Amino acid sequence: MRFLDDVTVELVKHSASDTDVLWAARVSTAGEQSLEELDKDPARSQGLINYLMRDRHGSPFEHNSMTFFVSAPIFVFREFHRHRVWSYNEESGRYRELQPTFYVPGPERKLVQEGKPGRYVFVDGTPEQHKLVTETMEESYRRSYAAYQEMLAAGIAREVARAVLPVGLFSSMYATCNARALMHFLSLRTKNEQAKVPSFPQREIEMVAEKMEAAWAELMPLTHAAFVANGRVAP
């Protein structure tokens, strides 16, 4: 049995560059000559990318693709799947025996919620609270996974036995998106001082978002810079 306090995000496949934004945008005024952008340095057209982002001309940011492998607790995926223009394929609890890997918050995770709904903040927990969370979660996980194994050993179908497992269980999936969809995801699932519109994501999905953003920023640095400069608002 494994207890983890972090998530895994790997960029496994991509067709994404700043040039993709430029030829898609220029076709509106240059027609077939827009293909010439494929051989040009995209840095020469940084102003166009910034203009598109600032004035929210969004479709040129859709002509690219990124596929990520994500391993995270099930409760993260339940939030993730609300982003419906992404494509997903997730590990199945019907078709395979689920492995005993569970999420336990690390010592840096803020544990205590203060304030009213819509105006609350999270603050650090005490050492005693962290100890309680760790011990309680680990014991609960052990009991639930033992019950799962007991039912499997008795011949109960996987799709039935899995019902005893908690949302802290790790699952894995492939998630595919374009840059526009990713920017929308980042605008909602990261908390950043440069954002024009504040967001208050749960920390665990923010951990996924931060890793995705780092990978995307390397693929499309001009587009990422324009996203940040324009308040992290998706076009």
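Which residues lie nearest the centre of the second largest pocket? This tour reaches them at its third stop, after a view of the whole model and of its largest pocket.

**The whole model**

Begin with the full chain, shown as a cartoon. The model is a predicted one. The protein holds eight helices and eight strands, and its C-alpha trace spans about 65 × 45 × 25 Å along the principal axes. Colour the residues by burial: of the 235 residues, 40% count as buried. Among contacts with a separation of 6 or more, 75% join residues that stand 24 or more positions apart.

**The largest pocket**

Select R109, F122, P201, R203 and E206 next. These residues lie nearest the centre of the largest pocket, which is lined by 17 residues and has a volume of about 580 Å³. Then colour the strand β7 (121–123) and the helix α7 (203–219), each of which supplies at least two residues of the lining. Helix α7 gives the most, with three residues. By class, the lining of this pocket comprises seven nonpolar, two polar and eight charged residues.

Remain at this pocket and display the side chains of E206 and R203. The two form a salt bridge, with the closest N and O atoms 2.9 Å apart. Both residues belong to helix α7, where they are three residues apart, about one turn of the helix. An α-helix has 3.6 residues a turn, so residues three or four places apart point the same way. E206 is buried, at a relative accessible area of 9%, whereas R203 is partly exposed, at 31%. Add E210 to the selection: salt bridges that share partners join R203, E206 and E210 into one network.

**The second largest pocket**

Now select I74, R78, G93, L98 and R162. These are the residues nearest the centre of the second largest pocket, whose lining numbers 15 residues. The elements that give two or more residues to this lining are the helix α3 (74–80) and the strand β8 (170–177). The pocket holds about 210 Å³ of space. Its lining is made up of seven nonpolar, three polar and five charged residues.

Keep R78 in view and add E90. A salt bridge links E90 with R78, and their closest N and O atoms are 3.6 Å apart. E90 lies in strand β4 (residues 87–90) and R78 in helix α3, so the pair ties together parts that are 12 residues apart in sequence. E90 is partly exposed, with a relative accessible area of 28%; R78 is also classed as partly exposed, at 44%.

**A buried charge in helix α3**

Where does E79 lie? It is found in helix α3. Select E79 together with R189. E79 is buried yet has no salt bridge, and R189, the nearest side chain of opposite charge, is 4.1 Å away. A salt bridge requires the side-chain nitrogen and the carboxyl oxygen to be within 4 Å. To see the surroundings of E79, add Q202 and I205: beyond its neighbours within four places in sequence, E79 is in contact with R189, Q202 and I205.

**Another charged pair**

Side chains of opposite charge can pair when their charged atoms come close. The whole structure contains 13 salt bridges. For one of them, select D55 and R54, where the closest N and O atoms are 3.0 Å apart. D55 counts as partly exposed at 36% relative accessibility, and R54 likewise counts as partly exposed at 48%.

**Helix α8**

For the final stop, select helix α8 (residues 221–229) and display its side chains. Which residues of this helix are buried? They are L222, T223, H224, A226, F227 and V228. To see what surrounds them, colour α1 (18–30), α2 (46–54), α6 (179–189) and α7, against which the buried residues of α8 pack. Finally, move to G231, just after α8, where the backbone takes a positive phi of about 80°.

Key:
Residues are numbered from 1 along each chain as its sequence is written. This is a predicted model: local features need pLDDT of at least 70, side-chain atom pairs count only at pLDDT 80 or more; totals for chains, interfaces and linings use all residues. Side-chain values use heavy atoms; hydrogens and water are left out. On a 1 Å grid over the protein atoms alone, a cavity is a set of points where a 1.4 Å probe fits but cannot get out, and a pocket is an open set with protein on both sides within 12 Å along at least five of seven lines; lining residues have an atom within 4 Å of a point. Grid points are joined across faces, edges and corners, and a volume is the space filled by probe spheres set on the points. Helices (H or I, at least four residues) and strands (E, at least two) are DSSP runs, numbered from the N terminus. Ala, Val, Leu, Ile, Met, Phe, Trp, Tyr, Cys and Pro count as nonpolar, Asp, Glu, Lys and Arg as charged, and the others, Gly among them, as polar. Buried means under 20% relative accessible area, exposed over 50%, partly exposed in between (1.4 Å probe, protein chains only). Lys and Arg count as positive and Asp and Glu as negative; His and the chain ends are not counted. Contact means heavy atoms within 4.5 Å.
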